[in-house]
Amino acid sequence: MIGANSFPLFVVVTHFLNILFITLMARSGLEILSALPRLYRTDDCTPGREMLRLSKTVVAADSPKEWTSLDLEVSWSPLIALPGRKNLGIGRHWHFMTLQFWILTGLVFVVLLFTTGQWIRLVPTDWGIFPRAINDISIYLSGHLAPHQPGLPYDSIQQLSYFAVIFLLAPFQIASGAAMSPSVLARFPWYGKLFGGKQLARTLHFLGLCAFAAFVLVHTIMVVVHNVPHEWAAIVLGSYRANQTLAVVIGIIALLFVLLVNVVATMWSLANRRAVQGLTGLFVNPLERVISRLSSSHQRYRQDQITPYHWKNGYPPPDADYQALARDGFRDYRLDVGGLVAKPLCLSLPELRTLGFERQVVKHNCIQGWTSVGEWGGVPLTRVIEACHPSPRAKFIVFYAYDDKGVTEGEGRYGLFYGTIPLHLANKPQTILALEMNGEPLPVDYGAPVRLRVETQLGFKMVKWIRRIEFVESYGDIGMGMGGWREDQQYYANAAGI
Ligand SMILES: Nc1nc2c(c(=O)[nH]1)N[C@H]1C(S)=C(S)[C@@H](COP(=O)(O)O)O[C@H]1N2
Ligand SMILES: [Mo]
């Protein structure tokens with residue numbers, strides 16, 4: 001039996017792992033925030049109506065200068081963000097990889113807590129803890145230390161806050177995080193509503209981070225106030241009677257290790273983004289793929305929920321041949337469908353339309369974090385597949401676009417935009433080649449004449465300004481081989497269900 005003076009080994013180990021994972025989660029979370037450092041109340045993200053803005057750039061729907069969402073991304077220091085310097089893709093990889101280890105640690109902790117009977121020390125069992133906790137606060141405020149509870153290694157306010165962090169705050173962070181996944185939102189629109197929408201979930205997720213930070217700060221101050229060697233003997237070596245010098249030495253080594261992991265993760269991520277994309281991807285891609293495979297979109301928003309201002313990402317192709325097509329309302333445009341197909345197609349817009357037409361009012365989720373609801377009308381991709389008869393060897397569909405990012409964006413990136421999706425996503429409901437937006441022919445800004453919509457995925461998979469569609473066995477020899485322009489050049493994950 002472990003007495004009031006000691007902690008079992010599993011508490012010592014999980015407490016340490018928690019420090020490690022929380023630092024990685026918080027810093028990679030800040031990287032994700034830096035891609036769109038503004039928080040909204042509602043999912044229309046009306047520019048200028050943000051609740052909190054952590055960058056100087058101000059934009060409005062009618063800003064005189066053209067802007068797209070990537071213009072709002074900011075570069076945060078590697079000292080606070082993992083890895084910093086505009087690396088949303090890599091930051092997400094760290095976040096979702098660490099998330100899995102963190103949840104595993106939490107599960108092990110909770111299972112052991114209840115199977116060893118230790119829960120009795122953490123879970124409050126009588127309402128009297130609230131008045132006692134208030135009393136403890138007044139004792140601390142008067143400059144004294146509150147007494148430990150009988151048989152427990154901490155006072156009432158400590159027990160209450162540990163309980164709240166483990167059983168309320170941590171699950172809330174996981175739940176609000178899930179409420180930002182496009183696959184989850186597409187499959188279970190009601191789940192997003194539990195949080196008041198994705199944007200409120202995102203805002204609350206950030207406030208959750210602030211709550212974690214506040215807890216860590218107060219917790220650290222309390223440990224210092226209570227005397228570090230004494231407290232560390234318990235949490236580092238498992239007993240208040242353990243050797244305090246040894247506890248401090250091991251405790252410092254452990255904290256240095258946490259620092260080292262953060263430094264190495266950051267520097268390595270900045271120095272070799274492709275390697276980190278691959279390695280962290282080993283943990284993240286299976287998760288993304290399973291979620292993408294399992295979820296189908298069943299969204300049905302109302303007309304009156306359509307967002308007044310729909311954000312843009314990607315500047316339209318400036319080249320002469322595209323501009324000439326646009327001037328004529330795309331009369332001379334032909335969609336090329338080829339690759340591993342029995343029947344290659346070359347379709348004008350009216351011909352494409354005869355394959356079938358559907359409308360859907362759905363929510364768009366950009367990887368940067370913004371959302372909007374729009375009505376898209378177009379041809380289900382399954383109809384195109386039926387018309388061109390892909391060979392059984394075809395596993396992916398490649399969408400080649402007209403925009404050359406070297407011309408439209410710069411930032412050291414180059415090449416024509418393209419994207420791929422696995423065949424199974426093409427056969428999902430609400431995967432369409434959109435020709436219309438909100439009842440009008442697709443505007444140039446939003447991908448005219450044809451763009452992809454895959455409603456369980458993040459926006460970057462939905463290629464705009466499509467020039468050609470190709471069925472392939474693998475995408476390894478296209479572009480840099482990662483399966484899309486943003487995967488190649490911005491190190492995003494190839495599956496994009498989260
Ligand atoms: N050709 C092309 N398609 C693209 C992009 C791009 O830059 N070029 N950006 C993608 C990203 S990141 C997003 S979020 C959506 C944005 O679609 P929207 O401008 O209609 O909102 O388009 C996607 N398709
Ligand atoms: Mo995006």
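**Figure 1. β6 and β9 sit side by side as antiparallel partners, with five bridges between them.** Everything in these close-ups comes from a predicted model. One place to look for the β6–β9 pairing is proline 380, whose bridge partner in β9 is isoleucine 432. Strand β6 covers residues 371–380. How many of its residues are buried? Ten of its ten are, so the strand counts as mostly covered.

**Figure 2. The β5–β6 hairpin.** On from β9, here is another partner of β6: strand β5 (residues 358–365), which runs antiparallel to β6 and is joined to it by eight bridges. Glutamine 360 is a handy landmark, with tryptophan 376 as its bridge partner in β6. Five residues lie between the two strands of this hairpin. If you zoom in on the turn, check glycine 369, which has a positive phi of about 130 degrees.

**Figure 3. Strand β11 is covered on both faces.** Start with the pairing: β9 (residues 431–437) and β11 are antiparallel and share four bridges. Leucine 433 finds its bridge partner in leucine 452 of β11. Now for the side chains. In a regular strand, these alternate between the two faces of the sheet. In β11 (residues 451–454), Arg451 and Arg453 are on one side, Leu452 and Val454 are on the other, and all of them are buried.

**Figure 4. Two separate nonpolar cores.** In soluble globular proteins, nonpolar side chains tend to be buried together. The largest nonpolar core in this model has 52 residues. Which of them touch the most other members? Those are Ile397, Phe399, Leu433 and Phe471. The second core, separate from that one, has 30 residues, among them Val12, Ile235, Ala247 and Val258. You've already met Leu433 as the bridge partner of leucine 452 in β11.

**Figure 5. Helix α8 and what covers it.** Helix α8 spans residues 228–237, and its buried residues are Glu231, Trp232, Ala233, Ala234, Ile235 and Val236. Ile235 also belongs to the second core. The cover over these buried residues includes α1 (9–34), α7 (198–226) and α9. Just past the helix comes glycine 238, with a positive phi near 95 degrees.

**Figure 6. The one cavity of 30 Å³ or more.** Rolling a probe the size of a water molecule over the atoms shows where empty space is left. Here the largest cavity holds about 250 Å³ of space. It is lined by 24 residues, and Asn313, Arg451, Gly459, Lys464 and Arg486 are the closest to its centre. Broken down by class, the lining has twelve nonpolar, six polar and six charged residues. Arg451 ties this view to the β11 close-up, where it is one of the buried residues.

**Figure 7. The second largest pocket, with a volume of about 300 Å³.** Which residues lie nearest its centre? Look for Asp43, Tyr301, Gln305, Lys363 and Val373, out of 19 lining residues. Helix α6 (residues 189–194) supplies the largest share of the lining, with three residues. As for class, six lining residues are nonpolar, six are polar and seven are charged.

**Figure 8. Threonine 266 in helix α9, and asparagine 272 in the loop that comes after α9 and before α10.** Is threonine 266 buried or exposed? Threonine 266 counts as buried because its relative accessibility is 6%, which is under the 20% cut-off. Leaving out residues up to four places away in sequence, threonine 266 touches Arg27, Pro78, Ala81, Leu82 and Pro83. Helix α9 itself takes in residues 244–271. Asparagine 272 has a relative accessible area of 35%, so it is partly exposed. Its C-alpha lies 35 Å from that of histidine 310, which is 38 residues away along the chain.

**Figure 9. Isoleucine 166 in helix α4 (residues 156–178).** This isoleucine is partly exposed because its relative accessible area is 28%, a value between the 20% and 50% cut-offs. Beyond its neighbours within four places in sequence, isoleucine 166 is in contact with Phe109, Leu122 and Pro171. For scale, its C-alpha is 44 Å from that of glycine 412, and 246 residues separate the two along the chain.

Notes. Residues numbered from 1 in each chain as written. Chains lettered and ligands numbered in written order. Predicted model: local features only at pLDDT ≥ 70, side-chain atom pairs only at ≥ 80, totals over all residues. Heavy atoms only, no water. 1 Å grid on protein atoms, 1.4 Å probe; cavity = no way out; pocket = protein on both sides within 12 Å on 5 of 7 lines; lining within 4 Å. Points joined across faces, edges and corners; volume = space filled by probe spheres on them. Nonpolar A, V, L, I, M, F, W, Y, C, P; charged D, E, K, R; others polar. Buried < 20%, exposed > 50% of the residue type's maximum accessible area, 1.4 Å probe, protein only. Pairing = 2+ DSSP bridges. Core = buried A, V, L, I, M, F, W, Y, C linked by side-chain atoms within 4.5 Å. Contact = heavy atoms within 4.5 Å.
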